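Trainee: Could you take me closely through one part of this model, the packing of a pair of helices, and then set that part in its surroundings?

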There are 2 protein chains.
Amino acid sequence: MTTSVLINQQFQLAARPVGMPKPSDWNFISAPVRELADGEILVKALYLSLDPAMRGWMNEGKSYIRPVAIGEIMRAGGIGRVIASKSPKFAIGDIVSGGIGVQQYWVGAAADKTAGFYKVDPKAAPLPKYLNALGMPGMTAYFGLLEVGQPKAGETVVVSGAAGAVGQSVGQVAKHKGCRVVGIAGGKEKSDFVVNELGFDACIDYKAGTLKEGLKQHCPDGVDIYFDNVGGEILDTVLTKINLKARIIICGAISQYNNTTPVKGPANYLSLLVNRARMEGIVVFDYADRYHIGAAEIVKWMQQGTFKTREDIVEGLENFPDALLMLFEGKNFGKLVLKVADE
Amino acid sequence: MTTSVLINQQFQLAARPVGMPKPSDWNFISAPVRELADGEILVKALYLSLDPAMRGWMNEGKSYIRPVAIGEIMRAGGIGRVIASKSPKFAIGDIVSGGIGVQQYWVGAAADKTAGFYKVDPKAAPLPKYLNALGMPGMTAYFGLLEVGQPKAGETVVVSGAAGAVGQSVGQVAKHKGCRVVGIAGGKEKSDFVVNELGFDACIDYKAGTLKEGLKQHCPDGVDIYFDNVGGEILDTVLTKINLKARIIICGAISQYNNTTPVKGPANYLSLLVNRARMEGIVVFDYADRYHIGAAEIVKWMQQGTFKTREDIVEGLENFPDALLMLFEGKNFGKLVLKVADE
């Protein structure tokens, strides 16, 4: 096929947002796809992963990954199909996962380390699940909980953003390891979902204003592990309920990402002292050499029917800016995925 | 001797302080010392330890130790002499360390677990040092740094309250373990002391307003371990300089103990995420069964002349309320000790 006739729609970062990203922070452009050089592949985006971490990549400053530059295509992981290949590494028709970016087509070296494409098996699971439990959110949950949290059977694990991408998997991994699992989610629908569909022992609807009471009721033996995706008041409240030697896994702080005022630090952090407890950050990339182990265990549970996930799929690349905001408004119900093209 | 003729001056907690403790929060009373029963000892207080942690013991609420009750003698560790004994455990003349309380005489069972008296050797070190490097502050430093901090030779260790009781020992233990040590202290005199007398590699005078610059200058390879005694802005600033896999030991937060507003949480706590770092609390009592190991190593260093400490000794039990305030105003220079009687 001739790649030069393809037109590639792309979202570039136009400006660094102040607070919530707004339409003028993006350039939505069209550019022709260039010819492939030797060793290169052309990937057609099918699904893109929308994640809270994207907000951090839009900021300047030192972080665990370099910021997206102004004028650069916005970074995004995704699932795509190889539609042209001049590399022995991938064949036309292969389904791959990697750093596609917010665009319709990715072209570059098959071995590009930043993109990090690898083949996935479309028969083992529906493709969007490779952006959820079998992708970064699942690996974040799996290694964050098991490596940083070190759960023991019988312990109580609390997870915020329980119906979100990471939260869903945290709770189910913890259940598989014999823990009592209590979610925190926004709204009755999400709370019911994690209990009835995912098998959490309980879920507290923080929007009903009952977090403190809920923790008291559902964590009668206190909190041994707290997996925090949200920060802010929720982190502070859970800190009042932790046990001796508790572990708090800092995975994110979605409540703080769009602040125009300074981040709210956890005022109750001295609970770490009183309880000889530990608060530790996790970045999933550190476990890249063991993703296959985590994914294999989760696939096994999925095939046994004891591990479920929910994706919230928005269609159309052009809807990227609005879809991203859903994350920060708590409007997504399940892992947020942008469908860019039909499979 | 007849113990009933002795009059015991004591400080009782009269009210729970709001903010800085004030004179009316104390009752200064005199009571006769009762006769000894079998198994009991009478200890004459010589030196009492004044520590930031005392402020916490005056508050209601769950903590690592129960609050001092209203009307109860204020809790304090101290060094005293056994002046009467009906127990085979201690003889008259023994010098002991334990929970004497803010009073002239302690009477009770020799085996009392709360007081926890044990003999110290007055020939091995001057008595006030048993309240400093050879007592709780030294053990806090030793086990907090080594067990929670897990220092490796060549790493950079930063310690706040560097001229204070815990800070002095943290820095010197770290030097003995091959680390680069940078203190943070208030004022030039204290800063010069920890460098020139204690052998820290550098010390930053935060009162000169140069903490951020000072860290940049004196920690060219970043911060691997931060031992925090102060909290507040200093903790927040150090969080901007930590390395990957850094360890932050939360030992105290003297800047926050007298707050009448909520504690200032560390706004930069997401640096833990970015750096996969860990923040963990330490309570010295957890290491009680190994104090003898820590004390033996520090005594050895003292005898080699490579471990020094400084005590700031205030005389007179009646000066307890004012002396305690020195801690929160940064007016003590070295471990604060209240001398109650001549040796």
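Mentor: Residues are said to meet, or to be in contact, when they have heavy atoms within 4.5 Å of each other. The model is a predicted one, and the part to look at is the pair formed by helix α2 (residues 136-149) of chain B and helix α3 (residues 165-176) of chain B, whose axes lie 8 Å apart and make an angle of about 45 degrees. Angles from 65 to 115 degrees count as roughly perpendicular and those under 35 degrees as roughly parallel, and α2(B) and α3(B) are therefore oblique to each other. The crossing of α2(B) and α3(B) has a right-handed sense. On the side of α2(B), the contact is made by B:P137, B:G138, B:T140, B:A141, B:Y142, B:L145 and B:L146, and these meet B:A165, B:V166, B:S169, B:V170, B:V173 and B:A174 on the side of α3(B). Sorted by character, the residues of this contact comprise ten nonpolar and three polar ones, with no charged residue among them.

Turning from the helices to the strands, there is an open sheet of twelve strands with mixed pairing, and its order runs β10(A)-β9(A)-β8(A)-β11(A)-β12(A)-β13(A)-β13(B)-β12(B)-β11(B)-β8(B)-β9(B)-β10(B). Its edges are formed by β10 (202-205) of chain A and β10 (202-205) of chain B, each of which pairs on one side only. On average, and with direction ignored, neighbouring strands of this sheet are turned by 15 degrees against each other. At the chain B edge, strand β9 (residues 180-185) of chain B pairs with β10(B) in the parallel sense over four bridges, and B:A185 has B:D205 in β10(B) as its bridge partner. In chain A, helix α4 (residues 188-196) lies across β9 (180-185) and β10 of that chain and runs at about 170 degrees to β10(A), while helix α5 (residues 211-218) of chain A lies across β8 (156-160), β9 and β10 of chain A, at about 165 degrees to β10(A).

As for the two chains themselves, a turn of 180 degrees with a shift of 0.0 Å along the axis lays chain B on chain A with an RMSD of 0.0 Å. The two copies are thus related as by a two-fold rotation axis, and in chain B the C-alpha nearest that axis belongs to B:G265, at 2.1 Å from it. Of the interface residues of chain B, 100% are also interface residues in chain A, so the copies meet through the same surface.

Conventions: Residues numbered from 1 in each chain as written. Chains lettered and ligands numbered in written order. Predicted model: local features only at pLDDT ≥ 70, side-chain atom pairs only at ≥ 80, totals over all residues. Heavy atoms only, no water. Least-squares fit on C-alpha atoms with pLDDT ≥ 70 in both. Axes fitted to C-alpha atoms, helices over the stretch in contact; angles between N-to-C directions. Helix = DSSP H or I, 4+ residues; strand = E, 2+ residues; numbered from the N terminus. Parallel < 35°, antiparallel > 145°, perpendicular 65-115°, else oblique. Left-handed = near helix turned anticlockwise from the far one by under 90°. Nonpolar A, V, L, I, M, F, W, Y, C, P; charged D, E, K, R; others polar. Pairing = 2+ DSSP bridges.
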